[in-house]
Amino acid sequence: MTDHDRSNADLFDRACRVIPGGVNSPVRAFGAVGGTPYFVERGEGAHVWDVEGTRYIDMVQSYGAVILGHGHPVVVDAVSTAAADGTSFGAPTEREVLLAEAVCARVPSVEKLRMVSSGTEATMSAMRVARGFTGRRKVVKFAGNYHGHSDALLVQGGTAMASLGIPGSAGVTEHAVADTVVAPYNVVPELDEDVACVMVEPVAANMGLVAPIPGFLEGLRAECDRVGALLVFDEVISGFRVGWAGAEGLLGVTPDLTCFGKVIGGGLPVGAYGGRADVMDVVAPVGPVYQAGTLSGNPLATAAGLATLDMLTPTFYEQLSGRVACFAAGLTSAFSDAGLGWQVPVVGTLSGIFTGTEAPTDYAGATACDEQGYASFFHAMLRRGVALAPGAYEVMFCGLAHTDAVLDRVIETAALAAAEVAA
Ligand SMILES: *Cc1c(COP(=O)(O)O)cnc(C)c1O
């Protein structure tokens, strides 16, 4: 390969010719921040190197999928060992049992678990199960919560669109979202007896980081109970991320069903959904709700997930939460020293950058951020060797490899970048 072939710009050119937008997931194309994406050659711990040899501190970490950092030897070993024994069988394997047992042991509400291959599949399947179990049609979701890209859940809709079921994407028919109701986050909606389930990110991490206000999740629980609807937590990001037993453990509200992804795959393609045994027993082959997958419970993915969960002790979360709290305080100071009133929300080990002065509690507040300011800050950081997510509505994923030294470096860099943005 010549140097030319190895440049980010050249690869992106070639990518754009054969892949829509040059990427396999839209945010990666840098559309929100402008410029050309860096193509990663490899990662180690908290760092990634692009194909031009530039090293970045990586705050993206596969959007939270690799909490132990890139290429953690324990995960690499587990995956290599599993691969040597065969990559997929179409018959049950022991690791599927071990992983389900590990999740059930940690998350009190999960009595039974089904593995799938993405978070999207997990939420789509949980919704089908909720409808199958209750015999009802409506699904309530919240504006600014992301539940993957299945038709019925891909409804954006600000508060004004609530209950209209406006499709959030071309190619989604009105019909597909006719039974989807969108409500504002952090407000308990009044439900009726057509509602099969309320799906919620218990800690919202796809509109920046927005914590549930006290009483919101408790109120959802009570309202679901009042009308006999199921409460579904989408913990694809928050699961095994904000704490040892996810948001459920951290916040003490018990859902009927929970969706997982990201962390439990240790960086491999994974999703899972689980919950009450009586509800999960509507899933085939026990019950009438069909859901299947050629690669579900895949040997490599379950090996990576098991190796990852094994490392994630309560002490790990305590220590990392402490580091992240200090990091957020440092970042907040850097912003205020530069004369920017930007906020740094924190929940457990998750943190975010809100480029506004009034920390939001819902989607309307979240979208009142300064997107142009974020884009400028993003590039000022990237030029100095820190890779944030290329969009104002993503969060920061600190993990095992983000030591105090690494995070101090991010704060120092942020001070310079913030000063540049403010100037
Ligand atoms: C990432 C995410 C999903 C979708 O998971 P994929 O594996 O990308 O399909 C669903 N819900 C939440 C909360 C997520 O953050």
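A residue counts as partly exposed when its relative accessible area falls between the buried range, under 20%, and the exposed range, over 50%. With a relative accessibility of 42%, Ser62 is therefore partly exposed in this predicted model. Ser62 belongs to helix 2, which covers residues 61-64, and its backbone is worth a look: phi is positive, at about 55°, although the residue is not a glycine. Phe240 also has a positive phi without being a glycine, with a value near 55°. Phe240 is located in the loop that runs between strand 8 (230-234) and helix 7. Its relative accessible area is 1%, so Phe240 is buried.

Another backbone feature of interest occurs at Pro285. The peptide bond leading from Ala284 to Pro285 is cis, and its omega is near 10°. Pro285 sits in the loop between helix 8 (277-280) and helix 9 (299-311).

Attention turns next to the ligand. Its surroundings are formed by Ser118, Gly119, Thr120, Tyr146, His147, Gly148, Glu201, Asn206, Asp234, Val236, Ile237 and Lys262. Sorted by class, this shell comprises 6 polar, 3 nonpolar and 3 charged residues. Several polar atoms of the protein approach the ligand. A polar backbone atom of Gly119 is 2.8 Å from a ligand oxygen, while a ligand nitrogen lies 3.2 Å from a backbone N or O atom of Tyr146. From the side chain of Asn206, an N or O atom is 3.2 Å from an oxygen atom of the ligand. The protein buries 83% of the 380 Å² that the ligand exposes when taken alone.

Gly119 and Thr120, both part of the ligand's surroundings, also appear among the buried residues of helix 5. The other buried positions in helix 5 are Ala122, Thr123, Ser125, Ala126, Met127, Val129 and Ala130. How does the distance between the ends of helix 5 agree with the span expected at 1.5 Å a residue? Helix 5 has 16 residues, numbered 119-134, and should span 22 Å; its end C-alpha atoms are 22 Å apart, so the two values agree. Just beyond the helix, Gly135 adopts a positive phi of about 70°.

The chain following helix 5 leads into the salt bridges, of which the structure holds 14. In one of them, Arg137 pairs with Asp194, and the closest N and O atoms are 3.8 Å apart. This pair connects distant parts of the chain, 57 residues apart: Arg137 is in the loop between helix 5 and strand 5 (138-142), whereas Asp194 is in the loop between strand 6 (180-183) and strand 7 (195-200). Arg137 has a relative accessible area of 41% and is therefore partly exposed. Asp194, with 36%, is partly exposed as well.

A salt bridge is also formed by Lys138 and Asp192, whose closest N and O atoms are 2.8 Å apart. Because Lys138 belongs to strand 5 and Asp192 to the loop between strand 6 and strand 7, the pair ties together parts that are 54 residues apart in sequence. Are the two partners buried or partly exposed? Asp192 has a relative accessibility of 31% and so counts as partly exposed. Lys138, at 18%, counts as buried, because the buried range is under 20%.

Elsewhere, Arg221 and Asp256 form a salt bridge in which the closest N and O atoms are 2.9 Å apart. Here too distant parts of the chain are linked, 35 residues apart: Arg221 lies in helix 6 (residues 216-227) and Asp256 in the loop between helix 7 (246-251) and strand 9 (257-261). Both Arg221 and Asp256 are buried. They take part in a network of salt bridges that links Arg221, Asp225, Asp256, Arg276 and Asp278.

A polar contact involving Thr93 rounds off the picture. Thr93 is placed in the loop between helix 3 (73-84) and helix 4 (94-106), and its side chain makes a polar contact of 2.7 Å with the side chain of Glu96. The relative accessible area of Thr93 is 18%, so this residue is buried.

Methods
Residues are numbered from 1 along each chain as its sequence is written. This is a predicted model: local features need pLDDT of at least 70, side-chain atom pairs count only at pLDDT 80 or more; totals for chains, interfaces and linings use all residues. Side-chain values use heavy atoms; hydrogens and water are left out. A residue is near a molecule or strand if one of its heavy atoms lies within 4 Å of it. A polar contact is a pair of N or O atoms within 3.5 Å; within protein, one must be able to donate a hydrogen and the other to accept it, and residues adjacent in sequence count only if both atoms are side-chain atoms. Accessible areas come from the Shrake-Rupley method with a 1.4 Å probe; for residues, only the protein chains shown count as cover. Ala, Val, Leu, Ile, Met, Phe, Trp, Tyr, Cys and Pro count as nonpolar, Asp, Glu, Lys and Arg as charged, and the others, Gly among them, as polar. Helices (H or I, at least four residues) and strands (E, at least two) are DSSP runs, numbered from the N terminus. The expected span of a helix is 1.5 Å times one less than its number of residues. Buried means under 20% relative accessible area, exposed over 50%, partly exposed in between (1.4 Å probe, protein chains only). A salt bridge is a side-chain nitrogen of Lys or Arg within 4 Å of a carboxyl oxygen of Asp or Glu.
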